[in-house]
Amino acid sequence: MYELENVLRPYAWGSPTAIADLLGRPASGGPEAELWIGAHPDSPSVALTPTSGGAGRHTPDTHDGGRLALDALIAEDPEHYLGGASVAEFGPRLPFLLKVLAAESPLSLQVHPTMAQAREGFAREEAAGVSPTAPERNYKDAFHKPEMILALTPFEALCGFRPAAESRAVFEHLAACFDRAGLDLPPLVPLLLQDLALPDESAALRSAFERLITGGEDVSDATAVIAAALVSGAPMGGHEAGLSTVVTLNAQYPGDPGVLISLLLNRISLAPGQAVYLPAGNVHAYLHGLGIEVMASSDNVLRGGLTPKFVDVPELLKTVAFEAVAVPMLPAGTTMLGQELFRPPFREFQLQRIELAPEAEPVPLAQSGAAVVIVTGGSVRLDSPKGELRLDRGASAFLPAAEAPVNVHAVSGATGTALAFAVTTALEA
């Protein structure tokens with residue numbers, strides 16, 4: 001088992017304190033948006049190898065100072081580190097990525113491609129010679145990126161299209177507010193009402209979304225007028241969550257098409273412990289909160305607003321699934337072994353939440369292939385037939401497939417409850 005050092009991504013939308021407070025360390029002084037735990041080649045974790053206190057099967061003196069990037073470690077012997085079933089299914093790479101995500105302000109409105117779309121798009125951009133670092137590059141790799149988020153604090157998000165009739169009701173309310181106030185209604189609103197009244201719901205959602213994402217100054221002007229009316233006291237009429245989100249988003253991204261697109265989407269509030277999963281094609285944006293995010297190991301994102309970054313509208317429209325969906329909540333299940341598992345319908349990953357009171361009985365780690373673990377409260381001891389490793393609050397580890405089975409113990413003499421999260425594949429163990 002290998003203790004890890006992980007990369008902190010300082011995106012501007014990150015909280016300056018949430019991740020530091022969670023992990024019990026001093027804040028860096030800047031935004032701390034995502035802590036990446038995994039072997040993604042853009043920001044791989046670093047494994048502490050035997051010369052620095054870890055345990056492994058390679059020769060320590062071949063590595064610099066007992067530290068080795070996790071993707072390089074896995075490449076030494078993928079069958080050992082990942083297991084044969086994982087290599088056969090996903091290739092010689094860790095198929096998942098765990099993040100601690102802390103949103104102080106909204107992330108971009110975005111969607112992720114299917115595996116087929118990712119492979120085709122990546123091959124196309126590679127053949128065209130588009131630089132991997134070019135701002136107009138859409139596909140950084142050939143993999144899809146389904147994901148899930150488990151809230152650790154109250155967590156706000158936009159997630160998938162709601163029924164067209166619900167969105168139409170919001171724009172009808174806005175039209176009525178302008179009429180009562182004797183104000184000129186932005187010409188965009190009647191057009192959106194026509195779009196959302198189309199009898200085919202998929203066509204209705206696509207027409208309204210496309211009008212907003214391609215509308216340019218007409219959309220920007222309408223957004224400014226609507227937001228100003230709401231700020232001036234226009235009644236929200238039972239649409240408080242959606243319309244207050246319009247005000248908040250427009251204050252941060254004035255005139256951005258994503259402001260009004262938010263009214264087409266499910267506006268959700270997760271309580272701590274609740275989770276949602278996000279398949280390909282689901283338009284979403286995290287707005288605020290701290291959570292454990294798990295995804296297939298990819299960095300493919302098609303943006304649709306709430307960002308100064310490149311938005312490829314034609315590619316976006318090919319990627320979005322224009323269908324109304326119920327919020328894809330993901331309840332936890334408990335196995336006969338007492339394992340609390342979040343299992344979305346993706347084969348690359350599942351998430352285990354491990355809570356241990358002092359002197360509690362150990363919990364078996366759900367492990368199919370490799371696993372990663374992070375401790376967010378107290379201390380735990382990982383025990384396998386090959387060794388053991390103590391992890392205190394803020395520490396994380398990589399567990400090779402060959403290390404299984406592993407039990408997670410409360411540390412003897414501890415006074416507080418320990419809390420840890422572990423990710424492995426959803427393949428059969």
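Strand β9 provides the largest share of the lining of the second largest cavity, with four residues. This is a predicted model, and the cavity in question holds about 30 Å³ of space. Its lining is made up of I149, F155, A157, L158, C159, I268, L270, V276, L278, H284 and Y286. The strands that each supply at least two of these residues are β9 (155-161), β10, β11 (275-278) and β12 (284-296). By class, the lining of the second largest cavity has ten nonpolar residues, one polar residue and no charged ones.

How many cavities of 30 Å³ or more does a search of the whole structure find? There are two. The largest cavity is lined by L158, R162, G242, T245, S262, L263, L265 and R267. Two elements, α10 (240-252) and β10 (265-270), give two or more residues to that lining. L158 is worth finding on your screen: this residue is on the lining of the largest cavity and also on the lining of the second largest one.

Now to the open space. Around the largest pocket there are 41 lining residues, and the closest to its centre are Y11, D299, V301, R303 and K309. Strand β12 turns up again here, giving the most to the pocket lining with five residues. Other elements that each supply at least two residues include β3 (34-38), β6 (96-103), α5 (115-127) and β13 (302-305).

Here are the three spaces side by side.

| Space | Volume | Lining by class |
|---|---|---|
| Largest pocket | about 840 Å³ | 21 nonpolar, seven polar, 13 charged |
| Largest cavity | about 40 Å³ | three nonpolar, three polar, two charged |
| Second largest cavity | about 30 Å³ | ten nonpolar, one polar, no charged |

Finally, a look at a pair of helices. Two packed helices are described by the angle between their axes and the distance between the axes. Helix α6 (residues 164-180) packs against helix α7 (residues 188-196) at an angle of about 155°, and their axes are 9 Å apart. Why is α6 called roughly antiparallel to α7? Angles over 145 degrees count as roughly antiparallel, so the pair earns that description. The crossing of α6 and α7 is left-handed. On the α6 side, the contact is made by A164, S167, R168, F171, E172 and A175, while α7 contributes V189, L192, L193 and L196. Sorted by class, the contact of α6 with α7 has seven nonpolar residues, one polar residue and two charged residues.

Terms used: Residues numbered from 1 in each chain as written. Predicted model: local features only at pLDDT ≥ 70, side-chain atom pairs only at ≥ 80, totals over all residues. Heavy atoms only, no water. Axes fitted to C-alpha atoms, helices over the stretch in contact; angles between N-to-C directions. Parallel < 35°, antiparallel > 145°, perpendicular 65-115°, else oblique. Left-handed = near helix turned anticlockwise from the far one by under 90°. Contact = heavy atoms within 4.5 Å. Nonpolar A, V, L, I, M, F, W, Y, C, P; charged D, E, K, R; others polar. 1 Å grid on protein atoms, 1.4 Å probe; cavity = no way out; pocket = protein on both sides within 12 Å on 5 of 7 lines; lining within 4 Å. Points joined across faces, edges and corners; volume = space filled by probe spheres on them.
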